[in-house]
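I opened this notebook to keep track of what I looked up, working from the whole chain down to a single residue. The sequence and the structure come next, and my entries follow.

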Amino acid sequence: MQESNSNDLSLDIEAEIDCKSKTYDFDTLEYPIEIIIKKYQESLASEFDEGAEGEGNIIYVPDYQREYVWKTERKAKFIESILIGVPIPHFFFADVSGKMEVVDGSQRIRTLHEFVNGNLRLKGLEELTLLNGKKFKDLSPSRRRRFINKGLKAIVLGEKTTDAARLDLFERINTGSDELRSAEIRKGAYAGAFWDFINECAENDRFKNLCPITEKVGLRAEGTERILRFFAYSDDLSGYNGRVSEFLNKYMKSTSAIFSDELKNQLSKKFEAMINFVELSFPYGFRKFENAKSSPRVRFEAISVGVSMALAVNPELKVSNVSWIDSDEFKNVTRSDAANNKSNLFGRINYVKSSLLGQ
């Protein structure tokens, strides 16, 4: 009997693997650096259209990977690795409408482009120390030729690979990477109509004025991360289990699957109602003080979600005094330590909700 159960389980496992397996149509190719740069350069032309049909002669970085976030030292180390012959990880491209979309490797491609075009001065090198402070033109002619003729390997996903499989690959490649934060992984893995809507909210002028984010942090998808947290927490706070990435990914995936014009309209009204209330009732918006150049994430969560929940109880709610926002009690519940702890999250949101409703 035990052997029979074991066999049945093995069959079930095989069936599950077959069911869940994604079809990846791909080739492994090698491109000289010069060709990679040339193909990428064509995507920078003003008339380039990401969605138009192409002939496979263009490598482009899709919208969900637009930020170029590598620091100079990181770029220099990558160039140094190529010069001294360190194996370079494969690029991942995908055939989309006849062009090659970068699934993984956008930072490396842009670094190559920047270096060969003379816009990157190397620094912080530990092996090739004589190249610190130097540019591509400072290499000897023969070394420059060897560099641009260096072949780098790429896995190219064919046209039969589905969008879902391509985005799943992006998530798997970058999960656990310190190059991308969770917000940026979600940006790539769940690209679509719902993500576009979240991005629209993050680009809202009133939101950006009420909730300033420093440029450095903003490059790492912080604005969209805050908007996503607002919708996720205000929609299903009771479902939060203390694991924020897991919770947000689940919300992003489930909402993306059912997103429609009707749902977009509902969420837009919720967002606008929250922004209107904060603008009218909180003198500094989500800031701690008038001239603050940034606003803490935990403070944004507490106020935005607390306001939305209070408005759900009383849509006509108006307040004339929010002096409690400067109290020691509020400062205590919006401390940054253990920010994602379940009781802390519930505590700061409920504090705002109760204070607004006079409870």
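**Whole protein**

I began with the contacts in the protein that have a separation of 6 or more, and I found that residues 24 or more positions apart account for 71% of them. I should keep in mind throughout that this is a predicted model. I then looked up the secondary structure, and the protein has 16 helices and five strands. Of its 359 residues, 43% are buried. The protein exposes about 19,500 Å², and carbon and sulfur atoms supply 48% of that area.

**The sheet**

Next I asked in what order the strands of the sheet lie. The sheet is open, has five strands in the order 1-5-3-4-2, and shows mixed pairing. I noted that strand 1 (26-32) and strand 2 (59-60) stand at the edges with a single partner strand each, so one side of each is left without a neighbour in the sheet.

I reminded myself that the strands of a sheet pair through backbone hydrogen bonds, and that this pairing is either parallel or antiparallel. For strand 3 (residues 91-96) and strand 5 (residues 151-157) I found the parallel sense, with four bridges between them. Looking at one position there, I saw that Phe93 stands opposite Val156 in strand 5.

I also checked helix 2 (residues 33-43), which lies across strand 1, strand 2, strand 3, strand 4 (99-104) and strand 5, and which runs at about 100° to strand 1.

**Two packed helices**

I turned to a helix pair, recalling that two packed helices are described by the angle between their axes and the distance between the axes. Helix 11 (residues 222-236) and helix 14 (residues 297-313) pack at an angle of about 35°, and their axes are 9 Å apart. Their crossing is right-handed.

Which residues meet there? On the side of helix 11 I listed Glu222, Glu225, Arg226, Arg229, Phe230, Tyr233 and Ser234, and on the side of helix 14 Arg297, Phe300, Glu301, Ser304, Val305, Ser308 and Met309. Sorted by kind, the residues of this contact are five nonpolar, three polar and six charged.

**One residue**

My last entry concerns Thr255, which is found in helix 12 (residues 244-258). Is Thr255 buried or exposed? Its relative accessible area is 6%, and because buried means under 20%, Thr255 counts as buried. Leaving aside its neighbours within four places in sequence, I found Thr255 in contact with Phe194 and Leu263.

Terms used
Residues numbered from 1 in each chain as written. Predicted model: local features only at pLDDT ≥ 70, side-chain atom pairs only at ≥ 80, totals over all residues. Heavy atoms only, no water. Axes fitted to C-alpha atoms, helices over the stretch in contact; angles between N-to-C directions. Helix = DSSP H or I, 4+ residues; strand = E, 2+ residues; numbered from the N terminus. Left-handed = near helix turned anticlockwise from the far one by under 90°. Contact = heavy atoms within 4.5 Å. Nonpolar A, V, L, I, M, F, W, Y, C, P; charged D, E, K, R; others polar. Buried < 20%, exposed > 50% of the residue type's maximum accessible area, 1.4 Å probe, protein only. Areas by Shrake-Rupley, 256 points an atom, 1.4 Å probe, with all protein chains shown as cover. Pairing = 2+ DSSP bridges.
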